[in-house]
Amino acid sequence: MHDHDREALAMFIDYQRAQNLAETTIRNRRSILTTFARKTGMLVDCDVFTLRRYIGRDEPVSAGTRRTERGALIAFYTFLHDEGLRDDNPATKLPVVRVPKGQPRPFTAEQIDAMLTSGAYTKTRAMILLGYYQGFRVSSIARVHGDDIDRAGMTIGTVVKGGKIRRLPLHEVIAELSLSMPRHGYWFPARDGSAGHIRPSSVTDLITKAKLRAGILDEKLTPHSLRHAFGTDLVEQGVDIRVVQELLAHEHLSTTQIYTAVSERRKQDGIRTLSPRAVPEHSGRGAAKLAA
């Protein structure tokens with residue numbers, strides 16, 4: 001990466017921090033832009049044709065990833081244009097990435113039980129419980145602090161997507177778990193001895209190891225699938241979709257609606273509500289003609 005590219009990227013990072021964007025968002029955008037610069041050999045001076053070629057590259061990249069990359073590029077080049085570091089904004093001509101409607105990928109109850117009973121250490125089990133019973137993302141799991149827990153009011157505080165602070169209902173399983181966790185410190189402190197908490201990527205690694213140890217080999221099931229199990233099971237139990245939206249801390253109801261897809265179990269239950277009836281061996285046409 002050229003020096004002027006590094007300087008522009010550093011200024012962009014400072015700008016995002018001044019916006020109070022989540023560190024996860026800043027880190028992901030920096031990774032996307034750094035990878036883009038390495039693969040194309042340019043960053044600040046890039047043209048729209050290179051941007052399109054990169055977003056539409058012939059590689060096994062998911063539509064969701066392409067959309068995320070597009071968002072990072074638009075944010076970066078909009079910043080450059082607004083700051084006068086470029087006379088134009090090449091990203092304005094990037095086409096919208098069409099992304100198929102997502103489907104939840106939840107763990108089953110049996111899989112979650114297997115993860116909890118297949119040799120996972122105490123803290124890893126706590127992470128799994130937070131993922132399922134609170135529906136937390138790995139970033140929220142990583143930063144759980146003893147002071148977030150209010151057992152009297154049965155609530156838990158957390159920072160949700162977008163850096164917003166929310167207080168959510170505390171599940172009784174997590175309330176019980178809190179009795180054995182630090183009351184005034186991070187539940188999962190940083191391993192380097194600093195005063196901070198573990199990195200979200202470390203949470204991902206630990207839960208993934210527990211998944212594999214439990215013999216779950218489906219690559220589509222990730223630590224985020226605990227959150228999907230949380231949302232899916234709430235809907236399965238008949239919880240109102242707006243309540244599920246609040247519990248998942250989704251900003252838009254449309255995001256929550258992926259959990260409303262009718263499950264195979266509910267389809268089977270539905271069709272079994274039709275009572276069987278005796279099917280006659282003959283059509284009855286002959287008897288009808290005689291009666292006539």
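Helices and strands here are DSSP runs, numbered from the N terminus, with at least four residues for a helix and at least two for a strand. Every view below comes from a predicted model.

**View 1. Ala-249 sits in a loop between two helices.** Start with the loop that joins α11 (241-248) to α12 (253-256), where you will find Ala-249. Is Ala-249 buried or exposed? Its relative accessible area is 9%, and because buried means under 20%, Ala-249 counts as buried. Leaving aside residues up to four places away in sequence, Ala-249 touches Val-160 and Arg-166. For a sense of scale, look also for Leu-274, which is 25 residues from Ala-249 along the chain; the C-alpha atoms of the two are separated by 38 Å.

**View 2. Three strands make an open antiparallel sheet.** The order of the 3 strands is β1-β2-β3, and their pairing is antiparallel. The edges are taken by β1 (149-150) and β3 (164-169), each of which pairs on one side only. Strands of a sheet pair through backbone hydrogen bonds, in either a parallel or an antiparallel way. Both neighbours of Ala-249 named in the previous view, Val-160 and Arg-166, can be looked for here too: β2 covers residues 155-160, and β3 covers 164-169.

**View 3. Ile-156 of β2 has bridge partners in both β1 and β3.** How many bridges join β2 to β3? There are 6 of them, and the two strands run antiparallel. One partnership to pick out is that of Ile-156 with Leu-168 in β3. Turning to the other pair, β1 and β2 are antiparallel as well, over 2 bridges. Here Ile-149 has Ile-156 of β2 as its bridge partner. A hairpin links β1 and β2, with 4 residues between them, and in its turn Met-154 has a positive phi of about 55°.

**View 4. Helices α3 and α4 pack with a right-handed crossing.** Helix α3 (residues 48-55) meets helix α4 (residues 63-82) at an angle of about 160°, and their axes are 10 Å apart. Why call this pair roughly antiparallel? Angles over 145 degrees count as roughly antiparallel, so α3 and α4 qualify. The crossing of the two is right-handed. From α3, the contact uses Leu-51, Tyr-54 and Ile-55, while α4 supplies Arg-66, Glu-69, Arg-70, Leu-73 and Tyr-77. Sorted by class, these contact residues are 5 nonpolar, no polar and 3 charged.

**View 5. Helix α5 packs against helix α6.** With their axes 9 Å apart, α5 (residues 109-116) and α6 pack at an angle of about 160°. The two helices are therefore roughly antiparallel to each other. On the α5 side, look for Ile-112, Met-115 and Leu-116; they meet Arg-125, Ile-128, Leu-129 and Tyr-132 of α6. This contact of α5 with α6 holds 6 nonpolar residues, no polar ones and 1 charged.

**View 6. Helix α6 also crosses helix α9.** The axes of α6 (residues 122-133) and α9 (residues 200-213) come within 10 Å, crossing at roughly 95°. What does that angle make of the pair? Because 65 to 115 degrees counts as roughly perpendicular, α6 is roughly perpendicular to α9. Thr-124, Met-127 and Ile-128 of α6 make the contact with Val-203, Leu-206, Ile-207 and Ala-210 of α9. By class, the α6 and α9 contact has 6 nonpolar residues, 1 polar and no charged. Ile-128 may look familiar, since this α6 residue also meets α5.

Conventions
Residues numbered from 1 in each chain as written. Predicted model: local features only at pLDDT ≥ 70, side-chain atom pairs only at ≥ 80, totals over all residues. Heavy atoms only, no water. Buried < 20%, exposed > 50% of the residue type's maximum accessible area, 1.4 Å probe, protein only. Contact = heavy atoms within 4.5 Å. Axes fitted to C-alpha atoms, helices over the stretch in contact; angles between N-to-C directions. Parallel < 35°, antiparallel > 145°, perpendicular 65-115°, else oblique. Left-handed = near helix turned anticlockwise from the far one by under 90°. Nonpolar A, V, L, I, M, F, W, Y, C, P; charged D, E, K, R; others polar. Pairing = 2+ DSSP bridges.
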